[in-house]
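Biologist: I am new to this structure and would like a close look at a single part of it. Please take one helix pair and describe how the two helices are placed, then work outward from there.

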Amino acid sequence: MKYLDKSIIEINKLLKEKKIKPIDLVEEAYENIESSDLNAYITLTKEEAYQKAKELEDKEVDSLLFGLPIAVKDNICTKGVLTTCASHMLDNFVPIYDATVVEKINNANMIIIGKTNMDEFAMGSSSRTSYFGAPHNPWDTNKISGGSSGGSASTIAARDVLFALGSDTGGSIRQPASYTGIVGMKPTYGRVSRYGLIAFASSLDQIGPMTKNVYENALLLNVISGHDDKDLTSANKEEDFTRLIGKDVKGMKIAIPNFFVSDIVDKEIIAKLKETVKVLEKLGATVDYVDMKYLDNAVTLYQIIAMGEASSNLARFDGIRYGHSKENPEDIKDVYFGTRAEGFGKEVKRRIMVGSYLLSGENAREYFYKALSIRDDMKQEFTNIFKDYDFVIGPTTTTTAYLLTDPMDDPSKSFMDDVLVIPVNMAGIPGLNMPIGFDKNHMPIGMQIIANSFEEAKIYQLASALEKELNLELNPNAGGDNND
Amino acid sequence: MKEKLSREEVLHVAELARIAVTEEEIEKYQVELKKLLNDVEKINEVKGYDDEILIAPWSHNTDLREDKEGEMLDPKKVIENAPRHSGNYIQVPVVIGESEGA
């Protein structure tokens, strides 16, 4: 069988000619998932998926994405389907409405096959804070698949399905994409509606597509983007994100901030980036190394802003309206305090506590306000660089994926894993991870391409040109010699 | 910089966060929360920025929706999602004690 290994154009042709049915693709996806055993999913939605596939049999195949299976991160609300955020707090939560992106996927006649594993409430960088245990990296199942969208990254890398949704608050799409050798886009803030995305840090959160290649990534962004009456911050802009794919990148100007190639990044990764720079130059782009202020402060800003916003957003989990609630509480205070003590895991509790402290009394001015001031200057720094350059690029991560058994006792570690990806969320601009090669243990190395707000199409243009030129073997199941 | 928060400081932040903590957890948080708070202190080393703030990176125009009655969630389903409910009401323990009542 193995239809999902074919190109999306071929699959579409087969569907159109009625040589295969959507149900064949759904069946294949579940076979893949069950045989790969990566703990990438919290919930499989078999019943709904087969029913939807049946319904589609009578419909006209009207788009490239018609009938294709898709995985959805478990912090995105799905009506009637368990949505846990990988937390004990929500392990019984069945939303009564669909997130806007879920509505859009359904309207595009894609088939949701399950809800993917993640860090609890998207807080973490290795998906090991999941209440349901961590997903594994298909390139080496003893290693992490990154986080927080680790399940989505893992299932795409393993080629279980072609499409997944992730969310990115401080790198949570791009960083796991880097660790697993896939393409992940954090769109411009406002590009995709956040309605129905369980909020972590509202000024940073953004939903985005995760796929095995650049073209399919752009196709999925076409489906999920656009204005939504239910999200005031969503932008009223529509476009075809595939339109620049295949176009020449000659003359494009690229900047690499010196911080991105400083000694915080593994030498092997820097070496791979420099090889890639040569390829970009061969394609006719120019690459300069530049100084950018405030990049080294991004983790501190993120700790203050993300923990502050999270403490406020997660105040809604009170044991009263939905989700977990402490049994036989003594009084109302015990409902709040007891429920939250039982329902949240360690990482989430730490972040809520520090966030609450940072927002309390004078601290709001001392820390939060200051962080917002520096954030404005960081954004300005990007605005200035994009006056002279089309793109900023750099490595996505400082190391390749590490072992699932590595220690988790340093509370700063999960923030430091995202040191290179956080600035993009702070500035609200788009950033994409794409694989550029492998380290000596054959673990994927990723590069991020960053552009100015609403320039996703241009990012896809550069990424696809580079993807074509690199021509990497990115299927971990392929075996044999890999095109390193 | 000190390495640990005091017991009282941990209890204070736990109270702000509305999270019950055990004796064992207090000891852990004394170290772990201090580590994170030391991290955020680094904000004071940053120099040269101006007073403008950026609350959300959102500069594009958007249209406010028309102010008219729209679709509503089914109240019955909303109530059913509450862990304790009865009829059209969500149940909570007594908030105002009988002795303090009117």
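Modeller: In this predicted model, H9(A) and H12(A) are oblique to each other, because their axes cross at roughly 120 degrees and angles of 65 to 115 degrees would be needed to count as roughly perpendicular. The two axes come within 9 Å, and the crossing is left-handed. H9(A) covers residues 298–313, while H12(A) covers residues 363–388.

On the H9(A) side, the contact is made by A:Leu301, A:Ile304, A:Ile305 and A:Gly308. H12(A) brings A:Tyr367, A:Phe368, A:Ala371, A:Ile374 and A:Arg375. Sorted by class, seven of these residues are nonpolar, one is polar and one is charged. An α-helix has 3.6 residues a turn, so residues three or four places apart point the same way.

One residue of this contact, A:Ile304, leads into the interior. A:Ile304 is among the residues with the most contacts inside the largest nonpolar core, together with A:Ile70, A:Val161 and A:Ile449. That core has 158 residues, and H9(A) gives the most to it, with nine residues. In soluble globular proteins, nonpolar side chains tend to be buried together.

A:Val161 can be followed further. Leaving out residues up to four places away in sequence, A:Val161 touches A:Leu4, A:Ala29, A:Pro69, A:Ile70, A:Ala71, A:Ile113, A:Thr155 and A:Ile156. Two of these partners, A:Thr155 and A:Ile156, are also listed among the buried residues of H5(A). Eight of the eight residues of H5(A), residues 150–157, are buried, so this helix is largely enclosed by the rest of the structure. Just after H5(A), A:Arg159 takes a positive phi of about 65 degrees.

Another residue of the helix contact, A:Ile374 of H12(A), leads to the other chain. A:Ile374 is in contact with B:Tyr49, as are A:Ser373 and A:Asp377, with neighbours of B:Tyr49 within four places in sequence left aside. B:Tyr49 is found in the loop between H2 and H3 of chain B. B:Tyr49 has 18 other C-beta atoms within 10 Å and is therefore partly exposed, since 20 or more would make a residue buried. From the C-alpha atom of B:Tyr49 to that of B:Ser59, ten residues along the chain, the separation is 20 Å.

The contact between the chains takes 54 residues from chain A and 43 residues from chain B. Helices H1 (7–17), H2 (23–41) and H3 (75–80) of chain B each give two or more residues to the side that touches chain A. H2(B) gives the most, with seven residues. By class, this side of chain B has 27 nonpolar, four polar and twelve charged residues.

Definitions and conventions
Residues are numbered from 1 along each chain as its sequence is written. Chains are lettered from A and ligands numbered from 1 in the order in which they are written. This is a predicted model: local features need pLDDT of at least 70, side-chain atom pairs count only at pLDDT 80 or more; totals for chains, interfaces and linings use all residues. Two residues are in contact if their C-beta atoms, placed from the backbone, lie within 7 Å. Helices (H or I, at least four residues) and strands (E, at least two) are DSSP runs, numbered from the N terminus. Ala, Val, Leu, Ile, Met, Phe, Trp, Tyr, Cys and Pro count as nonpolar, Asp, Glu, Lys and Arg as charged, and the others, Gly among them, as polar. A nonpolar core is a set of buried Ala, Val, Leu, Ile, Met, Phe, Trp, Tyr and Cys residues joined through C-beta atoms within 7 Å. A residue is buried if 20 or more other C-beta atoms lie within 10 Å of its own, exposed if 12 or fewer, and partly exposed in between; C-beta atoms are placed from the backbone. Axes are lines fitted to C-alpha atoms, for helices over the stretch in contact, and angles run from 0 to 180 degrees between N-to-C directions. Angles under 35 degrees count as roughly parallel, over 145 as roughly antiparallel, 65 to 115 as roughly perpendicular and the rest as oblique. A crossing is left-handed if the near helix is turned anticlockwise from the far one by less than a right angle, and right-handed if clockwise.
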